[in-house]
Amino acid sequence: MNHSEASGPTAAPHAGRTAVAVRNASVIYQTADTPVHALSNIDLDIREGEFVSLIGPSGCGKTTLMRVIADLEHISSGEVLVNGVSPHDARLARSYGYVFQAPALFPWRNVLANVTLPLQIQGKGKAEVKAIALEHLERVGLKGFEGKYPWQLSGGMQQRVSIARALSFEPKILMMDEPFGALDEITRDRLNEQLQQLWQRERRTVVFVTHSIAEAVYLSTKIVVMSPRPGRIVKVIDSPLPDERHLGLRDTPAFMELAHEVREALADGHH
Ligand SMILES: Nc1ncnc2c1ncn2[C@@H]1O[C@H](COP(=O)(O)OP(=O)(O)OP(=O)(O)O)[C@@H](O)[C@H]1O
């Protein structure tokens, strides 16, 4: 069965409810000398179940935009709504799961204890917490590794533990800031494929920051191309690729065409 037969000639319309609405949002960092205009007049809609990548050159405000959505940073003007409420209220409702570039696991806790931590903080019972954590470890392909310590795992495996931990309390939105940026290309490819399959199964909303055109095109249903000084959105591209994807897709004309469109938009942003 080819991919297009599996899910139609183009991606299914990701017509879920609005998960994130950013309206005319700007962020100005006050520094000792001149203020830094990190984001300027950002408008963005993300629907439930979309996999959205923010891509752009260093310093264009990708991380700032993600942090604004996730209530880790405040906007200077404009409005941001997450599931219809402020990012602050969304955070209190445990809407976000975070995965950062460095896995940020506790070295003195084994894999299971790292994944159970957010659940323990929620006050769930011990047996329930363990069952949930084991299930999430299995989902990221780490069944049998629950007794290992982070230093006994490869970088890619550590990042899979971080993903399991972020998903353990079933957040509405998974926020991923260059999660695979520090990994070698082969490991990165494999994790891209696993993440894509995970998204296909769960259809959770994902906001993903990356520098890689190939990664953005492979993973996303929507690609947000940004440019620096001040950080703004140059183009929003809805992916025409089918939802079911394998790494071989990267060699197809449709993939290369989309990668070209992203590259052109990035170049336009520099003018
Ligand atoms: N806390 C801060 N105080 C002052 N300036 C900041 C702060 N955080 C970020 N900036 C500046 O805001 C701009 C946007 O930064 P941001 O980290 O969002 O960009 P980015 O696209 O994620 O970059 P990279 O790809 O290098 O991580 C940059 O010019 C950065 O130097």
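Start at the ligand and select the 13 residues around it, of which Y29, A38, S58, T63 and T64 come nearest. A residue counts as near a molecule or strand if its C-beta atom, placed from the backbone, lies within 6 Å of it. This is a predicted model: local features need pLDDT of at least 70, side-chain atom pairs count only at pLDDT 80 or more, and totals for chains, interfaces and linings use all residues. Residues are numbered from 1 along each chain as its sequence is written.

Colour the shell by element next. β2 (36–47) and α2 (62–69) are the elements that give two or more residues to the shell around the ligand. Helices (H or I, at least four residues) and strands (E, at least two) are DSSP runs, numbered from the N terminus. The largest contribution to the shell is from α2, with three residues. By class, the shell around the ligand has four nonpolar, eight polar and one charged residue. Here Ala, Val, Leu, Ile, Met, Phe, Trp, Tyr, Cys and Pro count as nonpolar, Asp, Glu, Lys and Arg as charged, and the others, Gly among them, as polar.

**The three-stranded sheet**

From β2, extend the selection to the open sheet of three strands, ordered β2-β1-β4 with antiparallel pairing. β2 and β4 (77–82) are at the edges, each with a single partner strand, so one side of each has no neighbour in the sheet. From one strand to the next the twist averages 15°. Axes are lines fitted to C-alpha atoms, for helices over the stretch in contact, and angles run from 0 to 180 degrees between N-to-C directions. Two strands pair if DSSP finds at least two bridges between them.

Now take the strands by pairs. β1 and β2 form a hairpin with six residues between them, and their antiparallel pairing runs over eight bridges. To find the register, select A25, which stands opposite I42 in β2. On the β4 side, five bridges join β1 to β4, also antiparallel, and V20 stands opposite V82 in β4.

Stay in β1 (residues 18–29) and pick N24, which lies in this strand. Phi of N24 is near 50°, a positive value in a residue other than glycine.

**The six-stranded sheet**

Move to the open sheet of six strands, with the order β5-β6-β7-β3-β8-β9 and mixed pairing. The edge strands are β5 (96–99) and β9 (232–238), each with a single partner strand, so one side of each is left without a neighbour in the sheet. The twist from one strand to the next averages 15°.

At the β5 edge, four bridges join β5 to β6 (residues 173–177), and the two strands run parallel. Select Y96 and its bridge partner I173 in β6 to see one of these pairs. Then add helix α6 (residues 155–167), which lies across β5 and β6 and runs at about 170° to β5.

At the other edge, go to the loop between β8 (222–227) and β9, where P230 lies. The peptide bond from R229 to P230 is cis, with omega near -15°.

**The domains**

Zoom out and colour the protein chain by its two parts: domain 1 (3–13 + 49–74 + 84–95 + 171–268) and domain 2 (107–170). These bounds come from an automatic or database domain assignment. The C-alpha centres of domain 1 and domain 2 lie 24 Å apart. Their contact takes twelve residues from domain 1 and ten residues from domain 2; two residues are in contact if their C-beta atoms, placed from the backbone, lie within 7 Å. On the side of domain 1 that touches domain 2, helix α7 (residues 185–202) gives the most, with five residues. That side of domain 1 has eight nonpolar, two polar and two charged residues.

Last, select residues 22–249, which the UniProt annotation "domain: ABC transporter" (unreviewed entry) covers. UniProt positions are given in the numbering used here, feature names are shortened, and annotations may be inferred rather than shown by experiment. The end C-alpha atoms of residues 22–249 lie 32 Å apart, and the span is 34% helix and 26% strand.
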